[in-house]
Amino acid sequence: MGQAKPVLVPDVSQRDIEIAYSFTGAELLLFGAILYPRGRAPDPEDGPVDIVVVVKGPTQSILVREKAQRAGIWLNAESMRYRSAPSFYAIASPRPIRKIVDERTRAIFELGVDSLQLSPASGAVPDVQQRFDRGLVDLRTRSGLYYEAPGAVEITGGVLYRARLAIPARVPVGRFTAETFLIQNGRVLAAAVRPIDIRKSGFERFVASSAQHYSISYGLVAVALSVLFGWGAGAIWRRF
């Protein structure tokens, strides 16, 4: 009875990614196996088996502003705050996600950029909310922080799978999750999650930690360094 459904055994090539000053991005390999009841893969005539992998960054509060042209000048007009928008979102699948599951299933499991639950902090009419949702997704898509990768998952023998996802250079730090879904005939049969930690290293980590834990001292040192560099630049300018 315990083996009535298949089980996913996923893993990732890097569970810890360190960001230094020379960090230009990384490629994440996600792989694993599917354990079927009685060790038998399903008959191909029963429908194709798909593996979908979703990598999410930590959620964050964000304020989205809409610019409007007034008297020939672009100014901030309306705005909307989101309580928990994912800072990073990438989905890999063997084929376009819309050909794997229907709209309802995509919304339940947040499969696809257009199915994200962005949680606005204040109520708005549906048309306005959809406009801001599209704006937020467009901004992060152009920054490489939201994207879809159809065809990035390879399944071997209906048992082994692997996928590659790119981590951009400007990725935020924090606890990420890699969610793997086993789907057949539009139904999610199994799911599994693996954590991924992305953090700063070296001098960048020291600066970030100082700013977070010793904010007053960090601010005083930053002001002192600014004054020192300004005085030094003025002295050099007067000399030459």
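These are my notebook entries on a predicted model of one protein chain.

**Overall make-up.** I began with the secondary structure and found four helices and twelve strands in the protein chain. I then looked up burial: of the 240 residues in the protein chain, 34% are buried. For contacts, I took pairs of residues at least 6 apart in sequence; 71% of these contacts join residues at least 24 apart. I also noted the exposed area of the protein chain, about 14700 Å². Carbon and sulfur atoms supply 56% of that area.

**Surface patch.** Which residues make the nonpolar surface patch of about 490 Å²? I listed Leu225, Leu228, Phe229 and Trp231. I followed up Trp231 and placed it in helix H4, which spans residues 215-239. Is Trp231 buried or exposed? Trp231 has 58% relative accessibility, so I entered it as exposed, the cut-off for that class being over 50%.

**Cavity.** I searched for cavities of 30 Å³ or more and recorded one in the structure. The space in the largest cavity comes to about 30 Å³. Its lining consists of Pro10, Asp11, Val12, Leu30, Phe31, Tyr161, Ala178, Thr180 and Arg194. I next asked which strands each supply at least two residues of this lining. They are strand E1 (7-12), strand E3 (26-35) and strand E11 (174-184). E1 gives the largest share of the lining, with three residues.

How values were computed. Residues numbered from 1 in each chain as written. Predicted model: local features only at pLDDT ≥ 70, side-chain atom pairs only at ≥ 80, totals over all residues. Heavy atoms only, no water. Patch = residues over 30% accessible without salt bridge, like charges linked within 9 Å, V, L, I, M, F, W, Y side chains within 5 Å. Areas by Shrake-Rupley, 256 points an atom, 1.4 Å probe, with all protein chains shown as cover. Salt bridge = Lys/Arg side-chain N within 4 Å of Asp/Glu carboxyl O. Buried < 20%, exposed > 50% of the residue type's maximum accessible area, 1.4 Å probe, protein only. Contact = heavy atoms within 4.5 Å. 1 Å grid on protein atoms, 1.4 Å probe; cavity = no way out; pocket = protein on both sides within 12 Å on 5 of 7 lines; lining within 4 Å. Points joined across faces, edges and corners; volume = space filled by probe spheres on them.
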